[in-house]
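Welcome, and thanks for taking a look. Here is a short briefing on pockets and charged pairs, set out by topic.

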Amino acid sequence: MSKIAGYIQNNMPPNGGTLTDQEAADLAAYILSHDRPEWKGHETDWPKGGRPTDIITKDRREKIREGTFDWSEIDNVVQPD
């Protein structure tokens with residue numbers, strides 16, 4: 001989540017990078033709420049540990065769609081005041 005939000009904020013629009021932290025996070029959440037392909041062996045992507053805490057799993061994706069996801073469980077997410 002944080003990597004895609006950072007990428008979006010730094011590269012959109014291409015010649016400006018004028019999105020706020022919240023706008024970039026909203027776009028990242030929208031993108032990550034869509035189904036992604038699954039492949040055999042994906043669970044071994046981090047064989048030495050260090051799996052990021054902000055990976056959007058099927059369960060998280062469904063909660064995002066339902067509007068019930070608790071964003072505070074993800075590091076580096078800006079919480080509203």
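Asp59 is partly exposed, with a relative accessible area of 47%. Please keep in mind that this is a predicted model. Asp59 is a handy starting point, as its side chain forms a salt bridge with Lys63.

**Salt bridges**

- The count of salt bridges comes to three.
- In the pair of Asp59 and Lys63, the closest N and O atoms are 3.6 Å apart; about one helical turn separates the two, because they sit four residues apart in helix α3.
- Lys63 is partly exposed too, at 32% relative accessibility.
- Asp35 and Arg65 meet through their side chains at 3.1 Å, N to O. This pair links distant parts of the chain, 30 residues apart, with Asp35 in the loop between α2 (21-32) and α3 and Arg65 in helix α3.
- Arg65 also meets Glu62 in a salt bridge at 3.7 Å, and these two lie three residues apart in helix α3.
- Together, Asp35, Glu62 and Arg65 are linked in a network.
- Within that network, Asp35 is exposed at 61%, while Arg65 is partly exposed at 43% and Glu62 is partly exposed at 37%.

**A buried arginine**

- Arg60, found in helix α3, is buried because its relative accessible area of 14% falls under 20%.
- Its contacts beyond four places in sequence include Asp54, Phe69 and Glu73.

**The largest pocket**

- The largest pocket holds about 640 Å³ of space.
- Its lining has 20 residues, with Arg36, His42, Trp46, Ile55 and Ile56 nearest the centre.
- Nine lining residues are nonpolar, three polar and eight charged.
- Helix α1 gives the most to this lining, with three residues.

Key
Residues numbered from 1 in each chain as written. Predicted model: local features only at pLDDT ≥ 70, side-chain atom pairs only at ≥ 80, totals over all residues. Heavy atoms only, no water. 1 Å grid on protein atoms, 1.4 Å probe; cavity = no way out; pocket = protein on both sides within 12 Å on 5 of 7 lines; lining within 4 Å. Points joined across faces, edges and corners; volume = space filled by probe spheres on them. Nonpolar A, V, L, I, M, F, W, Y, C, P; charged D, E, K, R; others polar. Buried < 20%, exposed > 50% of the residue type's maximum accessible area, 1.4 Å probe, protein only. Contact = heavy atoms within 4.5 Å. Salt bridge = Lys/Arg side-chain N within 4 Å of Asp/Glu carboxyl O.
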